[in-house]
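Subject: Handover of a structure and notes on it

Dear colleague,

Please find below the structure that I am handing over to you. My notes follow it, arranged by region.

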Amino acid sequence: MRMLANRRLFSIIINRPSIIHSSINFNKWNNSNNSFNFSTTASIQSSNTSLNVSPAPSGILHYLTHADLSKQQIYNLITLAVQHKYNVKYLNTKSGQPLLGKTLAIMFSKRSTRTRVATETAVTYLGGQPMFLGSQDIQLGVNESLLDTSKVVSSMVDGMMARVGSHSEIETLAKYSTVPVINALSDKYHPTQILADLMTMHEIFGPQPKNDSSYVAHLTHPQETLPGLKVAWVGDGNNILHSMLVTFPKIGVHLSVATPKGYSPAEDVVKIAKHEAAKTNTEISFTHDPKVAVNNADVIVTDTWVSMGQESEKVKRLKDFEGYQVTLSLAKEGGAKQNWKFLHCLPRKQEEVSDEVFYSPISHVFQEAENRKWTILAVLDALLVRKSFD
């Protein structure tokens with residue numbers, strides 16, 4: 001869900017532990033494609049004059065947007081998440097507590113259910129200490145600048161996860177942090193959510209287990225299940241869509257986008273998406289007609305129409321989004337595939353998707369929500385234990 005800029009930040013502190021490594025041979029699927037060059041630094045100014053403050057040393061690994069990652073690195077995170085899910089949920093494997101004695105700072109500017117629960121449980125599983133810092137707990141962006149907060153907090157913890165307003169805020173935290181920074185959501189990107197979406201799609205469209213007590217997704221690489229799928233987005237041009245745009249084309253997932261007039265995605269994000277799509281021969285299309293977007297879709301995805309901080313726009317937005325509710329009739333009239341699936345990052349409101357879709361076998365929203373834990377666990381493993389996305 002989108003969050004507006006200039007809001008107070010919250011933080012969780014994570015210890016710098018080491019995770020138990022699952023037996024995954026990333027090199028088996030290695031490829032040499034490079035990711036689109038995307039800047040993750042932000043300038044800090046005072047009275048229109050740049051401050052003479054040195055950023056943190058180079059080489060510190062952060063997770064801010066999939067625009068920074070290669071196709072193989074995205075695949076590695078999905079594969080690692082799937083392996084963790086199998087190890088923990090089905091084999092009851094212990095982590096070895098690689099983050100024992102380490103602390104992760106979790107800084108959230110807005111309320112959170114899935115991201116906070118997923119992060120705290122993932123850190124605890126790895127033996128680390130999650131430290132949640134809300135807007136009432138720290139001075140972040142209120143009586144203390146982001147620059148100062150980044151320098152102070154990063155000097156005491158082993159990692160920072162932040163849910164912010166403007167994307168420039170997470171870039172600023174990363175620029176001056178001496179420890180890895182994870183983007184838990186900004187107004188521009190929500191990378192951990194899209195990672196969970198991809199993991200869920202891999203589970204749905206890959207070989208199926210014989211029963212609920214078995215799991216087989218770890219036996220197939222996502223490179224065999226994801227390329228060629230078509231995802232239809234029906235909704236706002238928000239941070240979820242932005243993350244899809246910088247991620248899906250890299251791995252060959254086609255994306256058709258339907259947004260009302262005036263709610264299109266940011267042009268710079270679209271530029272990145274088209275650049276990647278040209279390299280992978282992936283289709284990206286844009287329309288204002290939901291029925292056009294869902295044609296031949298394997299998956300239909302939507303999100304809230306009124307994000308946190310946009311409550312004053314509710315009446316106008318509900319009017320502008322008329323006809324965008326995901327329903328069985330919309331999918332049928334638009335020509336979605338017969339076995340199409342539905343995803344939503346939650347929390348959901350009924351005007352966005354009908355009950356007959358949301359609570360039907362078509363819907364995989366709760367599986368998708370659970371996978372937030374396993375994908376965040378994979379990101380923590382990569383950043384704080386393996387210290388690499390490769």
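In what sense do strand β6 (residues 159-163) and β7 pair, and over how many bridges? The two strands pair in the parallel sense, over four bridges. Please bear in mind throughout that this is a predicted model.

**The β6-α4-β7 region**

Within this pairing, Ala162 stands opposite Asn183 of β7. Strand β7 spans residues 181-185, and five of its five residues are buried. Helix α4 (residues 167-176) joins the two strands in a right-handed β-α-β unit made of β6, α4 and β7.

The loop between β7 and α5 holds Ser186. This serine has a relative accessible area of 0% and is therefore buried. Beyond its neighbours within four places in sequence, Ser186 is in contact with Val164, Gly165, Ser166, His167 and Asn239.

**Helix α3**

Helix α3 covers residues 146-154, and its buried residues are Leu146, Leu147, Thr149, Ser150, Val153 and Ser154. Viewed down the axis of α3, these buried residues fall within an arc of 165°, so they line one face of the helix. They pack against β4 (103-108), β6 and α4. Helix α3 thus leads back to the unit described above, since β6 and α4 are among the elements that its buried residues pack against and also belong to the right-handed β-α-β unit.

**Gln193 in helix α5**

Helix α5 runs over residues 191-205 and includes Gln193. The relative accessibility of Gln193 is 1%, so this residue counts as buried. Setting aside neighbours within four places in sequence, its contacts are Ile240, Cys345, Glu368 and Arg372. With Arg372 there is a polar contact between the two side chains, at 3.2 Å.

**Helix α7**

Helix α7 (residues 267-280) has 14 residues. From its first C-alpha to its last it reaches 20 Å, close to the 20 Å expected at 1.5 Å a residue. Its buried residues are Val269, Val270, Ile272, Ala273, Glu276 and Ala277. Why do the buried residues of α7 line one face of the helix? Seen down the axis of α7, they fall within an arc of 155°, so they line one face. The spacing along a helix is relevant here: an α-helix has 3.6 residues a turn, so residues three or four places apart point the same way.

The buried residues of α7 pack against α6 (239-247) and β10 (284-287). On the face turned away from the buried side are the exposed residues Glu267, Lys271, Lys274 and Ala278. Just after the helix, Asn281 takes a positive phi of about 60°.

**His288**

His288 is placed in the loop between β10 and α8. With a relative accessible area of 40%, His288 is partly exposed. Not counting residues up to four places away in sequence, His288 touches Thr259, Pro260, Lys261, Ser264 and Tyr324. The contact with Thr259 can be described further: a polar atom of the His288 side chain lies 2.6 Å from the backbone oxygen of Thr259. His288 and Gly235 are 53 residues apart along the chain, and their C-alpha atoms are separated by 9.7 Å.

**Backbone features to look at**

Three further places deserve a look on the backbone.

- Asn296 lies in the loop between α8 (290-293) and β11 (299-302). Its phi is near 65°, a positive value in a residue other than glycine. Asn296 is partly exposed, with a relative accessible area of 42%.
- Leu346 and Pro347 are joined by a cis peptide bond, with omega at about 0°. Pro347 is in the loop between β12 (341-344) and α11 (355-358).
- Lys387 has a positive phi of about 60°, although it is not a glycine. Lys387 is in the segment after α12 (365-386).

As you go through the structure, you may wish to begin with the parallel pair β6 and β7, and then turn to helix α3, whose buried residues pack against β6. Helix α7, with its buried residues along one face, can be taken after that.

With kind regards

Definitions and conventions
Residues numbered from 1 in each chain as written. Predicted model: local features only at pLDDT ≥ 70, side-chain atom pairs only at ≥ 80, totals over all residues. Heavy atoms only, no water. Expected span 1.5 Å × (residues − 1). Buried < 20%, exposed > 50% of the residue type's maximum accessible area, 1.4 Å probe, protein only. Arc of directions from axis to C-beta. Contact = heavy atoms within 4.5 Å. Polar contact = N/O pair within 3.5 Å; in protein donor to acceptor, adjacent residues only side chain to side chain. Pairing = 2+ DSSP bridges. Right-handed = clockwise from strand over helix to strand, strands pointing away.
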